[in-house]
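Colleague: I've got a few minutes before my next gel. Can you walk me through this one?
Modeller: Sure, here it is.

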Amino acid sequence: MARLPFGLNYRPARLGDQPRFANFFPGRVLKLAFVADGVFYAELNEFFQRELASEGYSGCEVRVTPARTEIIIRATHTQDVLGVKGRRIRELTSIVQKRFNFPEGTVELYAEKVAARGLCAVAQCESLKFKLLQGLAVRRAAYSVVRYVMESGAKGCEVVVSGKLRAARAKAMKFSEGFMVHSGNPAKEYIDYAVRHVDMKQGVLGIKVKIMLDWDPTGRVGPKNPLPDLVTILSNESKDDEPAINGPVSESKLPVAAEEAPAAEAAAPAAEAAPVEAF
């Protein structure tokens, strides 16, 4: 845990709080505050990963208000996180409060169910980890995760398992399906990424799961912003004089002069055959 000058323990700053010793070390204290926030979240996330791995832990969110600090735990099995009559969640609250020196009653833990388990990379990474620990074959376990992710509505999925899989020589196996972007801003918005380590008998295996979400204008199960290369064809229903375009249309590319030439040749004999009247 990061410490401020003179050995003071740091907790997440509340709204409107002025960092202590800001007048003496204005730049340094502000920098330490940002670093300490990251260290606090990293340690909290690691603790929940160890304690709530079997409950399908999928991440946490810290909300700081003037009255108290709220920590929201996202998991697939929220009832197991709460425990019998809320006993488990009270134990976790007490541990977090004592570890980070929160005053009594100023920190609250909540459990939130993951909306789409198949679109959460952390949940699928933990699922693959437990399948490998139970002795399931790597290829079968990885393909089951890829299939479940694609059936949940993902645009693409990639699973990489590396380490000593069968032989003594370590190697990496990649399983992918669908569409996946690897660079640019869409890779930050559309890709959900998770990494886990599995302690097997023959050694440590590394697991990487990447899920590309689909575009969702509502923002519930995917990003609100569409991909930059997405092309939308507008219909012509508002125009009454022009028919709507429902498919590809081919137009004649012949020049206009070439089309009018046969018509002019056909009109010439008719003009010659017409009688000439005398005046």
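**Sheet, helices and a salt bridge**

Modeller: Start with helix α3, residues 87-99, which lies across β2 and β3. It runs at about 135 degrees to β3. Keep in mind that this is a predicted model.

Colleague: OK. What is the strand order in the open sheet?
Modeller: The order is β1-β2-β3, so to speak, a sheet of 3 strands with mixed pairing.

Colleague: Which are the edge strands?
Modeller: β1 (57-64) and β3 (107-113). Each of them pairs on one side only.

Colleague: And how many degrees does the twist average from one strand to the next?
Modeller: The average is 20 degrees.

Colleague: Let's look at β1 and β2. Do they pair in the parallel or the antiparallel sense?
Modeller: Antiparallel, over 6 bridges. Strand β2 covers residues 69-75.

Colleague: How many residues sit between β1 and β2 in the hairpin?
Modeller: There are 4.

Colleague: I'd like some residues to click on. What is the bridge partner of Y57 in β2?
Modeller: That is A75. You can also click on E61, which has I72 of β2 opposite.

Colleague: Switching to helices. At what angle do α4 and α5 pack?
Modeller: About 155 degrees, and their axes are 10 Å apart. Helix α4 is residues 121-133, and helix α5 is residues 138-151.

Colleague: How should I read that angle?
Modeller: Angles over 145 degrees count as roughly antiparallel. The two helices, α4 and α5, are therefore roughly antiparallel to each other.

Colleague: Is the crossing of α4 and α5 left-handed or right-handed?
Modeller: Right-handed.

Colleague: Which residues in α4 meet α5?
Modeller: Q124, L128, K131 and L132. On the α5 side they meet V138, A141, A142, S144, V145, Y148 and V149.

Colleague: How many residues of each class are in the contact of α4 with α5?
Modeller: By class, 8 are nonpolar, 2 are polar and 1 is charged.

Colleague: New topic. How many salt bridges are there in the whole structure?
Modeller: The search finds 8. One to look at is R50 with E46.

Colleague: How far apart are the closest N and O atoms of R50 and E46?
Modeller: They are 3.5 Å apart.

Colleague: And where do R50 and E46 sit?
Modeller: Both are in helix α1, residues 26-51. They are 4 residues apart, so about one helical turn separates them.

Colleague: Great, that's what I needed. Back to the gel.

Note on methods. Residues are numbered from 1 along each chain as its sequence is written. This is a predicted model: local features need pLDDT of at least 70, side-chain atom pairs count only at pLDDT 80 or more; totals for chains, interfaces and linings use all residues. Side-chain values use heavy atoms; hydrogens and water are left out. Axes are lines fitted to C-alpha atoms, for helices over the stretch in contact, and angles run from 0 to 180 degrees between N-to-C directions. Angles under 35 degrees count as roughly parallel, over 145 as roughly antiparallel, 65 to 115 as roughly perpendicular and the rest as oblique. A crossing is left-handed if the near helix is turned anticlockwise from the far one by less than a right angle, and right-handed if clockwise. Contact means heavy atoms within 4.5 Å. Ala, Val, Leu, Ile, Met, Phe, Trp, Tyr, Cys and Pro count as nonpolar, Asp, Glu, Lys and Arg as charged, and the others, Gly among them, as polar. Two strands pair if DSSP finds at least two bridges between them. A salt bridge is a side-chain nitrogen of Lys or Arg within 4 Å of a carboxyl oxygen of Asp or Glu.
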